[in-house]
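Trainee: Could you take me through one part of this model closely, step by step? I would like to see how the pieces of that part fit together.

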Number of protein chains: 2
Amino acid sequence: MRYHRIPDETIRRLPVYLRGLLSSAEQGHERISSKDLAEFLGVNSWQVRKDFSYFGGFGTRGVGYEIDKLAQQIKKILNLDNVKKAALVGVGNLGSAVLAYPGFKMFGLEIAAAFDISPKKVGKKINNVKIEDASKLQTLRRREIKLAIISVPRDAAQKTADSLIKAGVKGILNFSPCYISVPKKVKVITIDIAMDLARLPYYIPAG
Amino acid sequence: MRYHRIPDETIRRLPVYLRGLLSSAEQGHERISSKDLAEFLGVNSWQVRKDFSYFGGFGTRGVGYEIDKLAQQIKKILNLDNVKKAALVGVGNLGSAVLAYPGFKMFGLEIAAAFDISPKKVGKKINNVKIEDASKLQTLRRREIKLAIISVPRDAAQKTADSLIKAGVKGILNFSPCYISVPKKVKVITIDIAMDLARLPYYIPAG
DNA sequence: CTATGTGAATTTATTCACAGCA
DNA sequence: TGCTGTGAATAAATTCACATAG
């Protein structure tokens with residue numbers, strides 16, 4: 001193992017690898033080669049090996065990778081063994097869908113709190129998570145929740161982010177279609193569904 | 001204007017610029033400088049200018065960009081003036097939220113069809129779109145729908161994609177947490193919500 | 001004097017090719 | 001012999017610096 005600054009693109013791919021490894025384990029495999037893992041995920045085998053090499057290389061030459069061990073390592077690198085709980089703000093259509101989304105569990109992630117401003121929604125439960133009033137956002141600090149998902153209307157996104165950061169949140173997954181300005185120490189990943197759909201036509205030949 | 005191979009990253013940013021321009025127009029502006037646009041979107045001004053320069057540069061030196069004109073140009077480049085209709089397959093929690101999502105309109109996109117296999121859902125209407133039986137997927141060809149959104153369970157994603165491609169679909173926005181294998185001519189963009197949330201902890205210092 | 005447009009320099013990421021270990 | 005791990009080569013994207021047009 002040697003020190004390297006880890007490319008951001010490698011970090012982006014780690015959850016992809018993790019997903020592949022966990023799927024492979026589900027199917028009863030214990031070992032996997034970079035080639036098989038790559039094919040399963042639609043990437044190149046040398047990319048896989050290069051990415052793992054930044055962390056020291058986890059495989060056995062001539063054999064491949066031990067799935068469980070590698071998955072554990074990736075979880076550790078991604079800090080998924082420490083940070084697990086996330087809060088969701090904005091329980092509209094999209095927010096409700098995210099609350100009910102079953103895919104977080106495989107990464108050890110859990111939506112542990114949900115907030116909304118509508119009195120009609122506050123108090124209800126979705127997927128066993130009780131919806132709290134948005135004024136209670138500051139409780140996140142003592143609950144040690146450092147991740148949040150924003151699914152409020154665009155105009156409320158920046159203010160929501162400000163409150164979340166004041167409550168100690170360090171990472172934000174933003175579903176609102178706008179840029180959110182945050183201090184350097186806070187990481188924001190924005191998912192804009194419409195924007196992703198909007199760039200598909202570029203790849204479609206006219207006619 | 002000169003010929004250049006356009007970087008994929010530039011294409012990825014074009015909808016971001018478009019969103020910014022449309023917002024700016026909403027606020028009553030007619031012109032905008034690369035600096036102002038960049039600040040609004042959280043990018044650098046030289047990045048904006050460089051990106052536009054691949055298409056020939058649309059601005060006026062000393063003045064800036066005419067918002068309407070530039071927005072039209074970007075729409076044209078992205079092929080958003082030709083391709084507008086999309087189909088959605090899988091009307092579960094996430095699919096319903098996507099159907100009701102108001103953000104597509106600003107890009108001129110429209111979800112014009114929705115499909116599901118559940119008899120309970122078929123026939124219902126969400127957001128004025130009638131849910132059809134999934135066996136009717138092949139009608140997409142004569143309806144000239146070339147874009148599709150997949151929000152079915154993971155195990156059904158590949159088969160759904162195969163059917164869509166058989167029906168003439170050329171671009172797929174995939175919400176299922178898995179790799180989808182497609183012919184080269186078909187473009188797939190995968191959004192994996194859990195994966196995006198899963199890489200946030202990496203950026204959060206322990207403790 | 002202002003703000004664009006763009007070659008050139010730099011940084012970052014991907015791909016290759018093969019050495020090294022089981 | 002098979003598959004990993006990694007320097008080196010290549011490719012791509014970003015950043016810079018400034019000439020250029022209004």
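**A cysteine, and then the surface near DNA strand D**

Mentor: In this predicted model, Cys178(A) has a relative accessibility of 14%, and because buried means under 20%, this residue counts as buried. Cys178(B), at 15% relative accessibility, is counted as buried by that reasoning too. Over all chains, the structure holds 0 disulfides.

Let us now turn to the DNA. DNA strand D is surrounded by 27 residues, and the closest are Ser34(A), Gly59(A) and Tyr65(A) from chain A, together with Arg13(B) and Arg61(B) from chain B. When the residues of this surface are sorted by character, 11 are polar, 10 are charged and 6 are nonpolar. Three helices each supply at least two residues of the surface, namely helix H3 (45-53) of chain A and, in chain B, helix H1 (8-26) and helix H3 (45-53).

It helps to ask next which atoms of the strand are involved. Among the atoms of DNA strand D that lie within 4 Å of the protein, 64% belong to sugar or phosphate, while the rest belong to bases. Both kinds of atom appear in the individual contacts. On the phosphate side, a polar side-chain atom of Asn44(B) lies 3.1 Å from a phosphate oxygen of DNA strand D, and a polar side-chain atom of Gln47(B) is placed 3.4 Å from a phosphate oxygen of that strand. On the base side, the side chain of Lys50(A) has an N or O atom 3.3 Å from a base nitrogen of DNA strand D.

Technical notes: Residues numbered from 1 in each chain as written. Chains lettered and ligands numbered in written order. Predicted model: local features only at pLDDT ≥ 70, side-chain atom pairs only at ≥ 80, totals over all residues. Heavy atoms only, no water. Disulfide = S-S within 2.5 Å. Buried < 20%, exposed > 50% of the residue type's maximum accessible area, 1.4 Å probe, protein only. Near = heavy atom within 4 Å. Polar contact = N/O pair within 3.5 Å; in protein donor to acceptor, adjacent residues only side chain to side chain. Helix = DSSP H or I, 4+ residues; strand = E, 2+ residues; numbered from the N terminus. Nonpolar A, V, L, I, M, F, W, Y, C, P; charged D, E, K, R; others polar.
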